[in-house]
Amino acid sequence: METPAQREARCLIEKIHREHTLDGIILGTRFELLVSNCLEILSSQLYEKSTHFLLELIQNADDNTYHCSRPTLSFSYKPGSLRIDCNEVGFNAENVEAICAISRSTKSGKTSDGEYIGEKGIGFKSVFKAADVVWISSRDFTFKFDKTKFLGMVTPVWETFPEKTQPGCTSIYLQFSKGYEEDTLIQELLTFDTNLLIFLRRIEEIHIRVNRRDKQAWEKKFRKDESQQGVDRLTVLYAGEETFRYLIRTHVIKDLPKERKRPNWPQTRILLAFPITESQEQPRLIPQNVYAFLPIRNFGLKFLLQGDFLLTASREDIESTLP
């Protein structure tokens, strides 16, 4: 029996579907071909790595709202699919409208340093570099995107989630495209970078489970604990049985030059993370990534550097063309 809230959610999905397709009027026209080609370029050519969508999903999860004691994100792989679960508060109508659009993120126009990680409104579309069909279940919403259909990457279809859902979680289910290199994704999950947790603002735990054909399931949990040490912050990362400790120091940069993409930003923060040990043993100093909450790339620094940098559309490098 459909509840009033579910009926309202379904009506919104159906309304967006009608608006995007103009009730079928543009099907078979040159405009359909033009828009479909643009969406294909956005999803498949904007990002170089076929696994980049993992970072985008982590980013989205970290920008969510939580009413729980330990915000947690889970990835569960099995041949042909990947499931993502997050114990956030869930989608509202504005969130649904945004995920069914391009460059209409509810996070755009942020007004302070670190308010949100994402701000471009296109990151979720990166899942279609790997998947043909994506289901979403969140609160009263349950719908899918089907890349093989007209405007399928932005046009939702009301449909039941393909697996049992978890109460109080937002769940996403990716059905991989034929020919997608799943071995690359498996390797990315098996070698997950624990340091990703350091600069996330809300997510405190990430769980990963990998089920491969004819192999025992692999599972690992990553979490972080934080405490203050004077003016600095101590972050302890746990990856299975391993432990990593970092001392985080914050430096405030004032009198920033004006930038039209971020008006009214007089200052920002740079964070430096130094690996430390509990004993007198010297920490292992190796080249580390530079982060904009999520890793950008390695610049050869022997410590981790975090800044709310302006990034290219793909989030894979710092924007270098600004004055």
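**Burial, helix H3 and the cysteines**

Of the 323 residues of the protein, 44% count as buried, and this figure, like those that follow, comes from a predicted model. The accessible surface amounts to about 17200 Å², and 50% of that area belongs to carbon and sulfur atoms. The chain is organised into five helices and 14 strands, and when contacts between residues at least 6 apart in sequence are considered, 59% of them join residues at least 24 apart.

Helix H3, which spans residues 53–62, offers a local view of this burial, since it is mostly covered, with eight of its ten residues buried. The buried positions in H3 are Phe53, Leu54, Glu56, Leu57, Ile58, Gln59, Ala61 and Asp62, a list in which Glu56 and Asp62 stand alongside Leu54, Leu57 and Ile58. These buried residues of H3 pack against several strands, namely E1 (72–78), E2 (81–86), E6 (170–176), E7 (205–210) and E13 (294–301), and also against helix H5 (182–190).

The cysteines may be considered next. The structure holds zero disulfides. Cys68 is in no disulfide, the nearest cysteine sulfur being that of Cys86, 7.9 Å away; because a disulfide requires a pair of cysteine sulfur atoms within 2.5 Å, this pair does not count as one. Cys86 is likewise in no disulfide, and the cysteine sulfur nearest to that of Cys86 belongs to Cys169, at 7.2 Å. The surroundings of Cys68 and Cys86 can also be described by their exposure: Cys68 is partly exposed, with a relative accessible area of 32%, whereas Cys86, at 5% relative accessibility, counts as buried.

Notes:
Residues are numbered from 1 along each chain as its sequence is written. This is a predicted model: local features need pLDDT of at least 70, side-chain atom pairs count only at pLDDT 80 or more; totals for chains, interfaces and linings use all residues. Side-chain values use heavy atoms; hydrogens and water are left out. Buried means under 20% relative accessible area, exposed over 50%, partly exposed in between (1.4 Å probe, protein chains only). Helices (H or I, at least four residues) and strands (E, at least two) are DSSP runs, numbered from the N terminus. Contact means heavy atoms within 4.5 Å. Accessible areas come from the Shrake-Rupley method with a 1.4 Å probe; for residues, only the protein chains shown count as cover.
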